[in-house]
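I am opening a new page to record what I looked up, beginning with strand pairing across the chains and then turning to the interface and a hairpin.

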Amino acid sequence: MPTPIDHHEVQRLLAEEQAQLVEVLPAAEFADEHLPGAISIPLKQLDRERAQQLDRNRPVIVYRYDSQ
Amino acid sequence: MSPRAASRLESIGFERVYDYVAGKADWGSAGLALEGENGSETRAGAHIRTDVPTCRPGDRLHDVRADLDESGWDTCFVVDERRVVLGRIGRRAIRRRRDVSAEEAMTLGPSTIRPSGRLEAMVARMRSQRLTNLPVTTSDGRLVGMLTFPDAEEALRRLGR
């Protein structure tokens, strides 16, 4: 089960474990604003092929706009 | 949406998947940088003054006034040990002659904005409400600084908006 985290833990994972940030909102919203270093994989496109962009040996952090 | 994305990645075989539930709204509200067409430069947090005076609830108004005279500001925020805003002492309160505590002199619950607030919206708000500045706090109430109307207007002009 995915682990819920806050922004402090996001910062720690990025700094200490080279985590990968994935925004799962539509691409237009990613273009508007996104976390530094994040890549865009909209939820509707999140299949095995797109997931190959990610390194399986590093943590992956997914996020959207907020909890709603 | 992000719980579904995280679960999807796990089902594909990723073992260490985390869900930043509060997302980029929280990131921006915490004063952390955002990139993109409407990244941090278009947000209040990039244009604030961070030297806004603060005092503690038990400080005496006489001392607060003396500090303000030196700083050039005409307002002071009453904060706790974590810089969470408890109240604001404005121009009128600071001129009171009686030497009460900051807690007694302060106005409770001052209106604040987040660092992620869009600059255009903040300028429009200050203009319509005839405000000269807006205090900026993180989502957990900690004081970050002050967005002044002249600074915000100048930043918008520079951004070509």
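Entry 1, pairing between the chains. I looked up A:Pro4 and found that its bridge partner in E1(B) is B:Asp19, while A:Ile5 has B:Tyr20 as its bridge partner in that strand. The model is a predicted one, and I keep that in mind for every entry on this page. Taking the strands as a whole, I noted that E1(A) is joined to E1(B), residues 17-20 of chain B, by three bridges, and that the two run parallel.

Entry 2, the sheet. I then followed the strand order and read E1(A)-E1(B)-E4(A)-E2(A)-E3(A), an open sheet of five strands with parallel pairing. Which strands stand at the edges? I found E1 and E3 (39-40) of chain A there, and because each has a single partner strand, one side of each is left without a neighbour in the sheet.

Entry 3, the interface. I looked up how far the two chains engage and noted 40 residues from chain A and 37 residues from chain B in the contact. The area buried between chain A and chain B comes to about 3700 Å², with carbon and sulfur atoms giving 62% of that area. For the charged side chains I recorded four salt bridges between chain A and chain B; in one of the entries I checked, A:Glu33 and B:Arg43 meet through their side chains in a salt bridge, at 2.2 Å from N to O. Counting polar contacts across the interface of chain A and chain B, I have 23 residue pairs, with both residues at pLDDT 80 or more.

Entry 4, the side of chain A. I asked which elements give two or more residues to the side of chain A that touches chain B, and listed strand E1 (3-5), helix H1 (7-17), helix H2 (27-32), helix H3 (48-51) and strand E4 (60-63) of chain A. H1(A) gives the most, with five residues. By residue class, I divided this side of chain A into 22 nonpolar, six polar and twelve charged residues.

Entry 5, a hairpin in chain B. I turned to E6(B), residues 133-137, which pairs with E7(B) in the antiparallel sense over five bridges, and I noted B:Val136 opposite B:Gly145 of E7(B). The two strands form a hairpin with five residues between them, and in the turn B:Gly141 has a positive phi of about 90°. Is E7(B) largely enclosed or largely open? I found five of the six residues of E7(B), 143-148, to be buried, so the strand is largely enclosed by the rest of the structure.

Terms used. Residues numbered from 1 in each chain as written. Chains lettered and ligands numbered in written order. Predicted model: local features only at pLDDT ≥ 70, side-chain atom pairs only at ≥ 80, totals over all residues. Heavy atoms only, no water. Contact = heavy atoms within 4.5 Å. Buried area = accessible area lost by both parts, 1.4 Å probe. Polar contact = N/O pair within 3.5 Å; in protein donor to acceptor, adjacent residues only side chain to side chain. Nonpolar A, V, L, I, M, F, W, Y, C, P; charged D, E, K, R; others polar. Pairing = 2+ DSSP bridges. Buried < 20%, exposed > 50% of the residue type's maximum accessible area, 1.4 Å probe, protein only.
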